[in-house]
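Welcome, and thanks for taking a look at this one. Below is a short briefing to read alongside the sequence and the 3D view.

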Amino acid sequence: MDEARFEFGDSIIEHIYPRYFEKTELEGSSVDFVFSHAAFEHVLNPDACVDELHRVLKPGGVTAHCIDLR
């Protein structure tokens, strides 16, 4: 699937695929919310992913992940 952008009033939702979770190439402090579903358990370097999440989230930003541990 290609990138998709949806605008709802002042809010923007972007589906960005594919990207490396460890290095998204997004600007620092540019994202309000990051969500992943059954992706985090597949990354090679979880610590780098957490560092990248911290880098791209705006102050007060939120992140949520569904992780499949089966």
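Let's begin with a single residue: Ser36 has a relative accessible area of 10%, so it counts as buried, the cut-off being under 20%. This residue belongs to strand β3. Leaving aside residues up to four places away in sequence, Ser36 touches Ala64, His65 and Cys66. Please keep in mind that the model is predicted.

**Overall layout**

- The protein chain is built from one helix and four strands, and read from the N terminus its elements follow the order β-β-β-α-β.
- Taken along the principal axes, the box filled by the C-alpha atoms of the protein chain is roughly 40 × 25 × 20 Å.
- The protein chain has 70 residues, of which 17% count as buried.
- If you look at contacts with a separation of 6 or more in the protein chain, 62% of them are between residues 24 or more positions apart.

**The largest pocket**

- For anyone thinking about cavities and grids, the largest pocket has a volume of about 1,200 Å³.
- Its lining is made up of 31 residues, and the closest to the pocket centre are Glu14, Ile16, Phe33, Val34 and Phe35.
- Which elements each supply at least two residues of this lining? They are β2 (11-15), β3 (31-37) and α1 (46-56).
- Strand β3 gives the largest share of the lining, with seven residues.
- By residue class, the lining of the largest pocket splits into 18 nonpolar, seven polar and six charged residues.

**The aromatic pair**

- How many aromatic pairs does the structure hold? There is one.
- The partners are Phe21 and Phe40: their ring centres are 5.3 Å apart and their planes stand at 90°, so the pair is edge-to-face.
- This pair links distant parts of the chain, with Phe21 in the loop between β2 and β3 and Phe40 in the loop between β3 and α1, 19 residues apart.
- Is Phe21 buried or exposed? With a relative accessible area of 16%, Phe21 is buried.
- Phe40 counts as buried too, at 14% relative accessibility.

**Cysteines**

- The count of disulfides in this model is zero.
- Why is there no bond at Cys49? The closest cysteine sulfur to that of Cys49 belongs to Cys66 and is 16 Å away, which is too far for a bond, since a disulfide needs the sulfur atoms within 2.5 Å.
- Seen from the other side, the closest cysteine sulfur to that of Cys66 is in Cys49, at 16 Å, again too far for a bond.
- The two cysteines also fall into separate burial classes: Cys49 counts as buried at 0% relative accessibility, whereas Cys66 counts as partly exposed at 35%.
- Cys66 has already appeared above, as one of the residues that Ser36 touches.

**Backbone angles to check**

- Glu25 has a positive phi, near 70°, and is a residue other than glycine.
- Where does Glu25 lie? Glu25 is found in the loop between β2 and β3.
- The relative accessible area of Glu25 is 66%, so this residue is exposed, the cut-off being over 50%.
- Ala38 is not a glycine either, and has a positive phi of about 55°.
- Ala38 sits in the loop between β3 and α1.
- With a relative accessible area of 31%, Ala38 is partly exposed.

**Towards the end of the chain**

- Leu69 belongs to the segment after β4 (57-66).
- Is Leu69 buried or exposed? Its relative accessible area is 74%, so Leu69 is exposed.
- Leu69 and Tyr17 are 52 residues apart along the chain, and 23 Å separates their C-alpha atoms.

How values were computed
Residues numbered from 1 in each chain as written. Predicted model: local features only at pLDDT ≥ 70, side-chain atom pairs only at ≥ 80, totals over all residues. Heavy atoms only, no water. 1 Å grid on protein atoms, 1.4 Å probe; cavity = no way out; pocket = protein on both sides within 12 Å on 5 of 7 lines; lining within 4 Å. Points joined across faces, edges and corners; volume = space filled by probe spheres on them. Nonpolar A, V, L, I, M, F, W, Y, C, P; charged D, E, K, R; others polar. Phe/Tyr/Trp six-rings, centres within 6.5 Å; stacked < 30°, edge-to-face > 60°. Buried < 20%, exposed > 50% of the residue type's maximum accessible area, 1.4 Å probe, protein only. Contact = heavy atoms within 4.5 Å.
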